[in-house]
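Student: I've got a model open and I'd like to check a few of the labels people put on it. Can we go through them one at a time?

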Amino acid sequence: MSMTTVRAEPVEAIRWQWLPFDALSRDQLYELLRLRSEVFVVEQNCVFQDMDGLDGQAMHLLGTRVVNGVPQLVAYVRCFPPGIAFDEASIGRVVTRQSARGGGLGHVLMAEAIRTLQQQWGAQPIRIGAQAHLKDFYQRHGFADVDKPYVEDGIDHIEMLRAPS
């Protein structure tokens with residue numbers, strides 16, 4: 001699938017928030033669910049149950065920037081302590097707004113997620129279920145393929161593990 005990327009604003013303009021589910025405002029929750037739906041359901045043409053009952057147990061990392069005077073969610077992940085999504089701590093629902101891609105925001109998002117997760121729960125292994133075509137992206141952040149391929153919602157995935165640093 002070919003996608004056009006648009007040069008993003010400098011990533012320095014991003015404001016990061018790390019929030020438990022019950023601290024998300026109604027507008028923040030709406031925007032993160034909307035962004036996840038725009039990318040995972042519409043853009044990737046994948047019908048799946050995004051609201052899987054785990055959001056309430058996650059910490060949510062939201063990256064916003066001001067566009068025409070209005071804050072806009074441009075990057076998001078959810079993170080779990082060990083024992084919820086995997087035996088290890090984990091990062092999932094990694095997403096950047098299509099209009100914000102092309103300037104390295106995805107890499108900044110992953111670095112911020114790893115840093116914040118470790119700050120919250122300490123240095124420890126982090127496991128992800130990655131879309132297989134993004135293997136190289138996650139390897140740049142220290143994740144290694146643990147040879148557990150699987151298909152989820154019609155998309156090839158692999159489990160990857162990052163050793164503590």
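Student: How far apart are the mean positions of the positive and negative charges of the protein chain?

Tutor: They're 5 Å apart, taken over 16 positive and 20 negative charges. Keep in mind that this is a predicted model.

Student: What makes the size of the protein chain agree with a compact globule?

Tutor: Set the value against the rule, which is 2.2 Å times the number of residues to the power 0.38. For 165 residues that gives a radius of gyration near 15 Å, and the protein chain has 15 Å, so the two agree. If you'd rather think in boxes, the C-alpha atoms fill roughly 45 × 35 × 30 Å along the principal axes.

Student: And what's inside that box, in terms of helices and strands?

Tutor: Three helices and seven strands, and along the sequence they run β-α-β-β-β-α-β-α-β-β. As for contacts with a separation of 6 or more, 63% are between residues 24 or more positions apart.

Student: How much of the chain is buried, and how much area is exposed?

Tutor: Of the 165 residues, 42% count as buried. The chain exposes about 8800 Å², with carbon and sulfur atoms supplying 52% of that.

Student: On to the rings. How many aromatic pairs are there?

Tutor: The count is three. One of them is Trp-18 with Trp-121, at 5.9 Å centre to centre and 65 degrees between the planes.

Student: Why is the pair of Trp-18 and Trp-121 called edge-to-face?

Tutor: Centres within 6.5 Å make a pair, and planes over 60 degrees apart make it edge-to-face. With 5.9 Å and 65 degrees, Trp-18 and Trp-121 meet both conditions, so the name fits. The pair also links distant parts of the chain: Trp-18 sits in strand 1 (residues 15–20) and Trp-121 in helix 2 (residues 105–121), 103 residues apart.

Student: Why is Trp-18 called buried, and why does Trp-121 count as partly exposed?

Tutor: Buried means under 20% relative accessible area, and Trp-18 has 18%, so Trp-18 is buried. Partly exposed runs from there up to 50%, so Trp-121, at 27%, is partly exposed.

Student: What makes Tyr-138 and Phe-143 an edge-to-face pair?

Tutor: Same test: their centres are 6.2 Å apart, which is within 6.5 Å, and the 85 degrees between the planes is over 60, so edge-to-face it is. Both Tyr-138 and Phe-143 are buried, and together with Phe-137 they form one aromatic cluster.

Notes
Residues numbered from 1 in each chain as written. Predicted model: local features only at pLDDT ≥ 70, side-chain atom pairs only at ≥ 80, totals over all residues. Heavy atoms only, no water. Helix = DSSP H or I, 4+ residues; strand = E, 2+ residues; numbered from the N terminus. Buried < 20%, exposed > 50% of the residue type's maximum accessible area, 1.4 Å probe, protein only. Contact = heavy atoms within 4.5 Å. Areas by Shrake-Rupley, 256 points an atom, 1.4 Å probe, with all protein chains shown as cover. Lys, Arg positive; Asp, Glu negative; His and termini not counted. Charge placed at Lys NZ, Arg CZ, Asp CG, Glu CD. Phe/Tyr/Trp six-rings, centres within 6.5 Å; stacked < 30°, edge-to-face > 60°.
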